[in-house]
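Please open the model in a viewer and keep the sequence panel at hand. The tour proceeds by selections, each followed by a description of what is found there.

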Amino acid sequence: MSTPLTARGTRTKAKLIEAAETVFARYGYTDASVVRITEEAGVGQGTFYLYFASKLEIFEELVEDLNRRVRRAMSEASGAASNRIESERAGFRAFFEFTAEHPALYRVVREAEFVSPKSLRLHYSRIVDGYIEGLKEAQLLGEIGDIDPTVAAWALMGIGEMIGMRWVLWGDSADAGHDADPTASGTSRVPDHVLDQMITFIRRALAVPEPRTEGVEK
């Protein structure tokens, strides 16, 4: 729907999206409401409908907003790296830091599977599209092996998702096993040794194979 293009209107809309991030993360989509979002933003319900037609619309815009910000954070971090593996490290570190600052990313994206499947696909596809291009470039430079960039991109994104969930979202509470309090706050960071192990795994998966020495007598 149309949005006022004034500076004040832009600030108000941003305030509503920020409030929606808090409310959807706290209550989930079902129990979130326009009233809760406007109360969190400190604006009236009438103001909400100047920018969004419904709770679903602001939810979908929130997914896009989180996606845009996390991609920017990862791109800026990885862009300064000297090679593909260092780019992986920098990009994943930025992703984990963003997730620590915006834990709503996990809950909102997962709820999108049921609330707005198109938003879920858009979120992951946009990340993967950039990832594929980076892997193709690394192949041309001889930095990684002959692996399907599309398959590799989806696999690497899955690794990052699970590592982030375990150490950023769950944190130390995960060590308590099945009896852990699911609402307990995490460590908000991936330990250095975990990131190191993750990058070692990725380096081996993407490595250029060593030349075979068949027929050489020992």
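Display the molecular surface of the whole chain: about 12700 Å² is exposed, and carbon and sulfur atoms supply 52% of that area. The model is a predicted one. Of its 218 residues, 40% count as buried.

Switch next to a cartoon representation. The secondary structure consists of 9 helices and 0 strands, so that the order of elements from the N terminus reads α-α-α-α-α-α-α-α-α by the DSSP assignment. Among contacts between residues at least 6 apart in sequence, 64% join residues at least 24 apart.

**Helix α1 and its contacts**

Select residues 7–31, which form helix α1, and pick out T12 within this helix. T12 counts as buried, because its relative accessibility is 14% and the limit for that class is under 20%. With neighbours within four places in sequence left aside, T12 is in contact with T47 and Y51.

**The salt bridges**

Now show the charged side chains. In general, side chains of opposite charge can pair when their charged atoms come close. The whole structure holds 11 salt bridges.

Begin with R69 and E21, whose closest N and O atoms are 3.1 Å apart in a salt bridge. R69 belongs to helix α4 (residues 55–78) and E21 to helix α1, so this pair ties together parts that lie 48 residues apart in sequence. Is E21 buried or exposed? At 11% relative accessibility, E21 counts as buried.

Remain on helix α4 and select R68 and D65. These two residues form a salt bridge in which the closest N and O atoms are 3.2 Å apart. Their separation is about one helical turn, because they are 3 residues apart in helix α4. The partners fall into separate accessibility classes: R68 is partly exposed, with a relative accessible area of 39%, whereas D65 counts as buried at 13% relative accessibility.

Keep both pairs on screen together. E21, D65, R68 and R69 are linked in a network of salt bridges.

**Helix α5**

Move to residues 84–101, which make up helix α5. Select R84 and E88, whose side chains meet in a salt bridge with an N to O distance of 3.0 Å. Both residues lie in helix α5, 4 residues apart, or about one turn of the helix. R84 counts as buried at 13% relative accessibility, and E88 is buried with a relative accessible area of 2%.

S87 is also found in helix α5. Its relative accessibility is 10%, and S87 therefore counts as buried. Which residues does S87 touch, not counting residues up to four places away in sequence? The contacts are with S78 and A81.

**A negative patch on the surface**

For the last stop, return to the surface and select D129, E133, E137 and E143, which form a negative surface patch. D129 is placed in helix α7, spanning residues 117–140. Why can D129 be part of a patch? D129 is partly exposed, with a relative accessible area of 47%, and therefore passes the patch requirement of over 30%.

Notes
Residues are numbered from 1 along each chain as its sequence is written. This is a predicted model: local features need pLDDT of at least 70, side-chain atom pairs count only at pLDDT 80 or more; totals for chains, interfaces and linings use all residues. Side-chain values use heavy atoms; hydrogens and water are left out. Patches are made of residues with over 30% relative accessible area and no salt bridge: like charges are joined within 9 Å, nonpolar side chains (Val, Leu, Ile, Met, Phe, Trp, Tyr) within 5 Å. Accessible areas come from the Shrake-Rupley method with a 1.4 Å probe; for residues, only the protein chains shown count as cover. A salt bridge is a side-chain nitrogen of Lys or Arg within 4 Å of a carboxyl oxygen of Asp or Glu. Lys and Arg count as positive and Asp and Glu as negative; His and the chain ends are not counted. The place of a charge is taken as NZ of Lys, CZ of Arg, CG of Asp or CD of Glu. Helices (H or I, at least four residues) and strands (E, at least two) are DSSP runs, numbered from the N terminus. Buried means under 20% relative accessible area, exposed over 50%, partly exposed in between (1.4 Å probe, protein chains only). Contact means heavy atoms within 4.5 Å.
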